[in-house]
Amino acid sequence: EAKMLRGLAQQLCRELAPAAVFLSGSAGGTAQVAFAAAVSEDCSLNNNLSAKAWLMQAAAVAGAKGGGKDSFAQAGGGAADKRDAALMAARQYLNS
């Protein structure tokens, strides 16, 4: 699941550049959620946006652990029932 999220986030970011992409998913039947964030270089430079900071704020809400760089970050192991709250935190990060 995490490998697929990573590939999809990076592909979307390349194809839609300048772009910022935030995805979440969970393996069927599990109570855990994974997140991936990707930020194109021009979006990062022009908007001071870091995929790592963006992801860490949202992942913390779901209790997921992870890390990354300004261009790409991922996290996993969070509670799937907190996914909506985590996605709201991701939206709020963009509006701050």
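Trainee: Leaving aside its neighbours within four places in sequence, which residues is F35 in contact with?

Mentor: Contact here is a matter of heavy atoms within 4.5 Å, and the model to which we apply that cut-off is a predicted one. Once the neighbours within four places in sequence are set aside, F35 is in contact with L5, F22, L23, S24, L55, A59, A62, A64, A73, Q74, A75 and A86. F35 itself lies in strand 2, and A75, which appears in that list of contacts, is also the bridge partner of F35 in strand 4.

Trainee: Is F35 buried or exposed, and what is its relative accessible area?

Mentor: A residue counts as buried under 20% relative accessible area, and F35, with a relative accessible area of 1%, is therefore buried. A separate reading of its surroundings comes from the C-alpha atoms, since F35 and A58 are 8.6 Å apart in space while standing 23 residues apart in sequence.

Trainee: How many of the eight residues of strand 2 are buried?

Mentor: Seven of the eight are buried, so strand 2 is largely enclosed by the rest of the structure. When you read a strand, keep in mind that in a regular strand the side chains alternate between the two faces of the sheet. For the protein as a whole, 36% of the 96 residues count as buried.

Trainee: Which strands pair with strand 2, and in what sense?

Mentor: Pairing is read from the bridges between strands, and strand 2 has such bridges to strand 1 and to strand 4. Strand 1 and strand 2 run antiparallel and are joined by six bridges, while strand 2 (residues 32–39) and strand 4 (residues 72–79) pair in the antiparallel sense over seven bridges. A37 lets you follow both pairings from one residue of strand 2, for F22 stands opposite A37, and A37 in turn stands opposite A73 in strand 4.

Trainee: Where does strand 3 join the picture, and how many bridges does it form with strand 4?

Mentor: Strand 3 (residues 65–68) pairs with strand 4 in the antiparallel sense over four bridges, and the two are joined by a hairpin that passes through three residues. Within this pairing G67 stands opposite Q74, and G68 stands opposite A73, the residue of strand 4 that A37 of strand 2 also faces.

Trainee: What does S24 touch, not counting residues up to four places away in sequence?

Mentor: S24 has its place in strand 1, and with those residues left out it touches L5, V33, A34, F35, R83 and L87. At 23% relative accessibility S24 counts as partly exposed, and its C-alpha is 9.7 Å in space from that of A80, although S24 and A80 are 56 residues apart in sequence.

Trainee: Where is S26 found, and how far is it from S50 in space?

Mentor: S26 is found in the loop between strand 1 (20–25) and strand 2, and at 27% relative accessibility it counts as partly exposed. S26 and S50, which are 24 residues apart in sequence, are 23 Å apart in space from C-alpha to C-alpha.

Trainee: Which peptide bond is cis, and where is P18 found?

Mentor: The general expectation is that most peptide bonds are trans. In this model the bond from A17 to P18 is cis, with omega near 0°, and P18 is found in the loop between helix 1 (2–16) and strand 1.

Trainee: What pattern does the protein follow when read along the sequence?

Mentor: There are four helices and four strands, and the protein follows the pattern α-β-β-α-α-β-β-α. Its radius of gyration is 12 Å, close to the 12 Å that the globule rule gives for 96 residues, so the protein is as compact as a globular protein of that length. Taken along the principal axes, the C-alpha atoms fill a box of roughly 40 × 25 × 20 Å. Among the contacts with a separation of 6 or more, 51% are accounted for by residues 24 or more positions apart.

Trainee: What share of the accessible surface belongs to carbon and sulfur atoms, and how far apart are the mean positions of the positive and negative charges?

Mentor: The accessible surface comes to about 5,400 Å², and 51% of it belongs to carbon and sulfur atoms. The protein has 9 positive and 7 negative charges, whose mean positions are 7 Å apart.

How values were computed. Residues numbered from 1 in each chain as written. Predicted model: local features only at pLDDT ≥ 70, side-chain atom pairs only at ≥ 80, totals over all residues. Heavy atoms only, no water. Pairing = 2+ DSSP bridges. Rg over C-alpha atoms; globule rule 2.2 N^0.38 Å. Buried < 20%, exposed > 50% of the residue type's maximum accessible area, 1.4 Å probe, protein only. Areas by Shrake-Rupley, 256 points an atom, 1.4 Å probe, with all protein chains shown as cover. Lys, Arg positive; Asp, Glu negative; His and termini not counted. Charge placed at Lys NZ, Arg CZ, Asp CG, Glu CD.
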